[in-house]
Amino acid sequence: MFFLLVALLQNCQAELVTLGYKNYTQAKKEYSPLIVFYYGDDKQSKKFIDDFIQISANNHSLQKDSSFPSNINFGLVDTVEEKKLMEKTQIGQTPTLMLFYGEQKKLKYSGALNAQAFINWIKKTVRDSPELNEYHPSSLISRWDQLASKFKGFNLVAILVTPEYRTSPLKAFIQAARQMPQGFVFCHIFDTKISRYLNVTQDDSGLVIYNKFEDIETHDQDAQGRWQTFIHHYKGDIKNQDEILKFLKIHSFKKGFVYVDDTKFQKLTRRSDQLPSIFLLYNKTIPEQLKYVEELQQARYPLLNKAILGVIDVNGDCKDRLDRWFQIDVNTTEFPKLIAVKPNGEGQFLKYINKDYDAIEFYEQFTNGKIKPFYKDEGILSQLYDGAGIYKLTRTTYHSYIKEQNAKGIDVVVTFTARKCVPCKDFRVDYNEVYKTYKEQIEGKVVFTRLDIENNEIDGLVIDNYPHVKLYAAGVESPYTLFETRKDENSLRQWLSDKSNYGEIFKKTNSDL
């Protein structure tokens with residue numbers, strides 16, 4: 001006869017289940033994590049079964065320290081009665097102990113068959129396997145590189161530190177974590193060699209917050225202990241769930257929100273390792289618009305560790321940068337308005353503009369690709385050539401024009417200009433002179449173009465020095481870049497003679513033409 005015995009155990013959540021062929025598969029799902037004891041008529045099985053049942057009920061004399069995990073369930077299989085099940089599991093030896101997580105076998109117990117060794121094995125297994133224990137989502141940190149990885153990968157980390165596995169602080173910590181809005185990453189440490197890095201003494205327990213939102217400034221990457229500037233210590237009762245939760249909420253609520261001036265705006269948009277930034281543009285002199293600042297503040301909880309939020313008063317010193325970055329004229333644009341800057345992983349940023357005021361919805365839209373990035377683009381120009389006869393490219397025409405000319409076997413030379421670039425103005429004279437010199441000889445072979453990079457942004461194009469020149473040679477997959485420190489008429493001519501399909505033309509001097 002097959003039956004299911006469920007004994008709700010006093011003061012814990014663990015259950016003892018008698019397993020048979022009919023309920024074996026379902027029980028592994030329902031009672032995960034589950035330790036199954038396969039016992040028979042042998043002496044070892046008969047000797048250990050009483051200890052196993054007492055341990056499962058948390059009533060064994062060796063469990064008095066209250067540190068035994070309460071969420072592990074236990075199962076019994078009588079191998080003498082369950083021959084069909086034994087054929088299915090292919091377990092041919094008794095006694096055997098197996099730990100299952102979900103339907104998968106996690107671990108086979110191979111220690112001495114006595115109560116103390118078994119209890120120690122359970123504690124260590126659960127402690128070292130965060131996915132098994134009731135304290136998930138907190139993960140165990142057992143090495144310094146694991147902790148450093150948390151610091152590198154996340155902006156807001158809560159760390160419980162105890163000198164050894166202690167149930168009460170860990171339960172309070174995780175109960176608070178489960179009530180926290182999304183944002184924090186939680187982990188715990190039992191190793192005093194690691195905890196000393198967090199300024200927690202060897203015999204103490206402590207709660208530490210690592211908060212990279214504290215400082216958005218650029219730091220010296222080689223500075224010793226740089227990360228320690230982001231560490232904050234909890235000074236309340238480490239066993240009090242409500243106090244811990246209050247501390248986490250107060251601490252997180254103040255972070256990830258920035259009142260942005262031009263300096264901070266510049267630094268936030270240069271840090272390619274940062275989270276996306278969402279800015280509310282509003283007019284501080286209009287009282288009705290202050291409510292939008294409050295609404296943005298309320299988005300801090302759901303967007304913690306996802307985005308940095310900030311507000312920009314359009315009457316402040318960001319006017320020029322807003323114009324240059326987003327083509328937003330603060331004198332003619334309606335406010336409030338949301339904008340966002342998102343690192344693309346390639347050292348560049350994608351920019352977004354939204355008419356709505358819902359920051360959470362805006363975040364979801366641009367991260368899921370429902371809003372297209374904003375790019376500055378002059379479109380189709382009414383005057384295609386400048387005064388020197390150089391063809392003017394824009395974002396709209398850049399790729400199509402180069403592709404069209406290359407298809408005809410024509411090389412395309414592009415110089416990139418910027419309004420405030422003084423060397424660009426000097427180089428423009430040399431660039432025009434080379435074009436003027438070889439104009440007749442290169443007709444139908446090479447075209448000279450220029451792109452105003454401040455008003456036309458090209459996907460994937462990184463311009464890290466000015467003046468900047470590229471050559472898109474017909475039949476060549478990737479463009480050439482002129483890397484000469486000093487860019488002038490001679491260096492440009494020499495470079496084209498080496499790289500262009502029509503290099504022989506540029507080797508000729510004025511007297512040869």
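This briefing covers aromatic contacts, charges over rings and one internal cavity. The model is predicted. A search of the whole structure finds 26 aromatic pairs and two cavities of 30 Å³ or more. F416 belongs to one of those pairs and also helps line the second largest cavity.

**The Y398–F416 pair**
- Y398 and F416 form a tilted aromatic pair, with 6.4 Å centre to centre and 40° between the planes.
- Y398 sits in helix α14 (residues 398-407) and F416 in strand β18 (residues 411-417), so their contact ties together parts that are 18 residues apart in sequence.
- Y398 is buried, at 1% relative accessible area.
- F416 is buried too, at 0% relative accessibility.

**An aromatic cluster**
- Ring pairs join F37, Y39, F48, F52, F74, Y109, F118 and W121 into a cluster.

**Charges over rings**
- K88 lies over the face of Y21, 5.4 Å from the ring centre.
- K351 lies over the face of F326, 5.5 Å from the ring centre.

**The second largest cavity**
- This cavity holds about 40 Å³ of space.
- Its lining consists of T415, F416, T417, C424, F427, R428, Y431, R450 and P467.
- Strand β18 and helix α15 (422-438) are the elements that give two or more residues to this lining.
- Helix α15 gives the most, with four residues.
- By class, the lining has five nonpolar, two polar and two charged residues.

Note on methods:
Residues numbered from 1 in each chain as written. Predicted model: local features only at pLDDT ≥ 70, side-chain atom pairs only at ≥ 80, totals over all residues. Heavy atoms only, no water. Phe/Tyr/Trp six-rings, centres within 6.5 Å; stacked < 30°, edge-to-face > 60°. Buried < 20%, exposed > 50% of the residue type's maximum accessible area, 1.4 Å probe, protein only. Lys NZ or Arg CZ within 6 Å of the ring centre and 35° of its normal. 1 Å grid on protein atoms, 1.4 Å probe; cavity = no way out; pocket = protein on both sides within 12 Å on 5 of 7 lines; lining within 4 Å. Points joined across faces, edges and corners; volume = space filled by probe spheres on them. Nonpolar A, V, L, I, M, F, W, Y, C, P; charged D, E, K, R; others polar.
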